[in-house]
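Q: Can you walk me through this model? I'd like the fold, the sheets and the charged contacts.

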Amino acid sequence: MEVARLTATDAARAARVLGEARASVLDGRPSKSAPRPAIRESWGRVAHSGIDPDHDFRSDLLGRDEVERRRRTSRLRHVLPVLREGLLSLADTTQHIMMVADADARVLWREGSTAVLRKADGHGLGIGADWREETVGTNGVGTPLVSRRAVQVFSAEHFVRALHPWTCTGAPITDPRDGRLLGAVDISGPLETLHPSTLALVDSVAKLAEARLRDLHLTSLEQLRAVAAPVLARIDGRAVAVDRDGWTAAVTGMPYTGRVALPKSLSPGCCWLPALGLCTVDPLPAGWLIRPTADTAPAAVEGEEVQEFGVAGGELMGPGARAADDGDG
């Protein structure tokens with residue numbers, strides 16, 4: 001179905017056609033207009049979640065303290081200026097709002113048209129709202145997070161009827177360091193405001209945000225490398241300088257590895273790291289200096305508390321441990 005072309009000329013007719021297609025699919029009847037593949041796949045997932053397409057809408061809101069905690073720990077906070085610059089002007093002129101959600105599809109930031117913000121509040125779609133597919137059906141936040149690609153959801157393409165007056169366009173944002181999903185950015189508004197170019201714009205801005213995260217990462221490693229270089233030059237032996245997530249800035253006396261798996265509760269002193277054995281750990285600005293010792297047995301160091309972390313099934317095991325791809329940034 002050429003949704004973009006049809007909506008560009010007659011949004012009301014497009015909504016009716018999509019409504020008929022949705023009704024046919026839900027009733028198991030043949031339809032003259034089949035839903036687009038991305039929408040059909042989403043409907044299939046949502047249908048198995050138990051959501052009532054005509055009555056259900058179960059988005060609860062996180063408390064303010066939890067929202068603030070997620071904001072502080074989200075790497076998306078670093079790219080809000082990029083997202084605002086690329087999308088807020090569109091939101092203001094087309095009566096849309098911009099929403100930024102984390103990987104759990106929880107809305108952490110929301111800006112744009114005051115009138116549309118009030119409408120969103122009326123649907124319970126405020127800050128902290130849950131936009132997962134299994135909660136609110138096919139939508140411009142949860143669906144891109146599942147499919148990991150930009151998606152536009154127009155009117156009756158939303159699985160739940162309560163969202164049919166809306167058009168939503170969202171794209172996922174991933175961590176360029178390791179490909180981990182960070183969240184999604186979405187532009188939403190009344191269905192008659194849909195523009196065919198919105199999908200490409202939102203996708204492009206999401207990619208700009210990822211590029212900004214990559215630049216920030218490389219810059220922070222350069223800064224750490226500048227601090228660590230004179231320290232490493234004085235060390236006779238093996239040592240590695242890493243940032244707080246274990247990404248390597250500089251090494252001496254040992255092969256380079258891109259990342260060292262760190263325990264979540266790492267602190268200065270002695271610890272056992274799977275890749276390096278027994279190590280001494282000293283703080284650096286925005287990172288750590290890690291020096292593997294000659295002995296690998298924790299008992300070889302007397303008078304110091306040793307943090308022990310072993311390996312089981314390829315994952316770090318121990319108090320507060322996390323695998324190498326779980327850093328918050």
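The chat below goes through the chain as a whole, then its strands, turns, cysteines and salt bridges.

Q: What kind of model is this, and what are the ground rules?
A: The model is predicted, with local features needing pLDDT of at least 70 and side-chain atom pairs counted only at pLDDT 80 or more, while totals for chains, interfaces and linings use all residues. Residues are numbered from 1 along each chain as its sequence is written, and side-chain values use heavy atoms, with hydrogens and water left out.

Q: How many helices and strands are there?
A: The protein chain has nine helices and 13 strands. Helices (H or I, at least four residues) and strands (E, at least two) are DSSP runs, numbered from the N terminus.

Q: How much of the chain is buried?
A: Of its 329 residues, 48% count as buried. Buried means under 20% relative accessible area, exposed over 50%, and partly exposed in between (1.4 Å probe, protein chains only).

Q: And the surface, what does the accessible area come to?
A: About 15,300 Å², with 52% belonging to carbon and sulfur atoms. The areas come from the Shrake-Rupley method with a 1.4 Å probe; for residues, only the protein chains shown count as cover.

Q: What share of the contacts join residues at least 24 apart?
A: It is 57%, taken among contacts between residues at least 6 apart in sequence. A contact means heavy atoms within 4.5 Å.

Q: Moving to sheets. What is the strand order in the open sheet of five strands?
A: The order is β2-β1-β5-β4-β3, with antiparallel pairing. β2 and β3 (151-154) are the edge strands, each pairing on one side only. From one strand to the next, the twist averages 15°. Two strands pair if DSSP finds at least two bridges between them.

Q: How many bridges join β1 and β5?
A: Six, in the antiparallel sense, with β5 covering residues 181-190. In that strand, V185 stands opposite V100.

Q: Which helix lies across β1, β2, β4 and β5?
A: Helix α6 (residues 114-122), which runs at about 140° to β2. For such angles, axes are lines fitted to C-alpha atoms, for helices over the stretch in contact, and angles run from 0 to 180 degrees between N-to-C directions.

Q: What about β8, β9 and β10?
A: β8 (residues 269-273) and β9 run antiparallel, joined by five bridges, and form a hairpin with three residues between them. L273 stands opposite G277 in β9. β9 also pairs with β10 in the antiparallel sense, over six bridges, and L284 has G287 of β10 as its bridge partner. β9 and β10 form a hairpin with two residues between them.

Q: Which residue in that second turn has a positive phi?
A: A286, at about 65°. A286 is partly exposed, with a relative accessible area of 40%.

Q: A105 has a positive phi too. Where does A105 sit?
A: A105 is in the loop between β1 (97-102) and β2 (107-112), and its phi is near 65°. A105 is buried, at 1% relative accessible area.

Q: Switching topic: how many disulfides are there?
A: The count comes to zero, a disulfide being a pair of cysteine sulfur atoms within 2.5 Å.

Q: Why is C270 not bonded to C271?
A: Because the sulfur of C271, the closest cysteine sulfur, is 7.9 Å from that of C270, too far for a bond. C279 is in no disulfide either; the nearest cysteine sulfur, that of C271, is 5.6 Å away. C270 is buried at 1% relative accessibility, and C279 is buried at 0%.

Q: Last topic, how many salt bridges does the structure hold?
A: There are 22. A salt bridge is a side-chain nitrogen of Lys or Arg within 4 Å of a carboxyl oxygen of Asp or Glu.

Q: Where are some of them?
A: E68 and R71 meet in one at 2.9 Å, N to O. They are three residues apart in helix α4 (residues 64-73), so about one helical turn separates them. R225 and E222, with the closest N and O atoms 3.0 Å apart, are likewise three residues apart, in helix α9 (residues 198-233).

Q: Which residues are linked in a network of salt bridges?
A: E66, R69, R70, D102 and D104.
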